[in-house]
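Colleague: I should like to discuss this model with you. Please show the sequence and the structure before we begin.

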Amino acid sequence: SQLFLLLAIIVIYLFNIYKLPLDTPFLKMLISFLNIGAVSFVVSAVALRFAFPIISLEGKSFWLIRSSPLTVNGFLWEKVGTVFFPLLLIEILLVWFSNFLLSVTPLVWYLSLANAVLITWALTGLAVGLGAMYPRFKTENIAQIESSFGGLLYILSSFFYLALIVGIEVIPLRNYIQYGVFLKGRTSFSYFLPYIVILLLVSFFVFIVPLKMGQKRLAQYEDY
């Protein structure tokens, strides 16, 4: 039933993209750029449902994992690999279909796909890491896990991260739009390189820090 609900959300989102009144190339490019953040926010909401509770859903059997040869670090990376590829598939499908409906330029295509991989990777680490920092092994209702303090912290953190990513990318994109419309601005790779480095560093920080903190929390957890 939840998969059908997810499919309905995707269809509604794509239908709204299709019905947007995009009369000018500038407006089309602007919507195409904002679409990157919108798609990523949809995926972050999906991650709240499927990635964030994945640690807590181990329930009382978590003691078996702690007593096995599997390390906490290996356990977390196994969970990251479990949810990363399904989330990436959802994001790429949304990006591909929405870009097709918007008839975007090749640059926006490449930017969207690169963002899909980078943002999904960061959100996966954020969701699994915060889920490990705030586990609720004794809760059987998954809705209570999502609505917990950890779930609220995740959705706020993911929103801030996506806003930061869009904010970083808006400066070089504005320069590109000015070049395409008014033939003013810079489009060399050296101009974009600092922004690419900043994006990678921010995403790496969002990915690795919650996982490390979650690993430390699970290693010390005894109430199961």
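Colleague: With which residue does the side chain of glutamate 58 meet in a salt bridge?

Modeller: This is a predicted model, in which local features need pLDDT of at least 70 and side-chain atom pairs count only at pLDDT 80 or more, while totals for chains, interfaces and linings use all residues. Residues are numbered from 1 along each chain as its sequence is written, and side-chain values use heavy atoms, with hydrogens and water left out. A salt bridge requires a side-chain nitrogen of Lys or Arg within 4 Å of a carboxyl oxygen of Asp or Glu. At 2.5 Å, N to O, the partner of glutamate 58 is lysine 79.

Colleague: Where in the chain do glutamate 58 and lysine 79 lie?

Modeller: Helices here are DSSP runs (H or I, at least four residues), numbered from the N terminus. The pair links distant parts of the chain, 21 residues apart. Glutamate 58 is in the loop between helix 2 and helix 3, and lysine 79 is in helix 4.

Colleague: Are glutamate 58 and lysine 79 buried or exposed?

Modeller: Buried means under 20% relative accessible area, exposed over 50%, and partly exposed in between (1.4 Å probe, protein chains only). By this criterion, glutamate 58 and lysine 79 are both buried.

Colleague: How many residues apart in sequence are the parts that arginine 49 and glutamate 146 tie together?

Modeller: The search of the whole structure finds 2 salt bridges. The side chains of arginine 49 and glutamate 146 meet in one, at 3.4 Å, N to O. Arginine 49 belongs to helix 2 and glutamate 146 to helix 6 (residues 142-146), so the parts tied together are separated in sequence by 97 residues.

Colleague: At what angle do helix 4 and helix 5 pack?

Modeller: Axes are lines fitted to C-alpha atoms, for helices over the stretch in contact, and angles run from 0 to 180 degrees between N-to-C directions. Helix 4 spans residues 72-102 and helix 5 residues 106-133, and their axes are 8 Å apart. The angle is about 150°.

Colleague: Which helix supplies the largest share of the largest nonpolar core?

Modeller: Such a core is a set of buried Ala, Val, Leu, Ile, Met, Phe, Trp, Tyr and Cys residues joined through side-chain atoms within 4.5 Å. The largest has 54 residues, and Leu76 and Val128 are among those touching the most other members. The largest share, 12 residues, comes from helix 5.

Methods: Helices (H or I, at least four residues) and strands (E, at least two) are DSSP runs, numbered from the N terminus.
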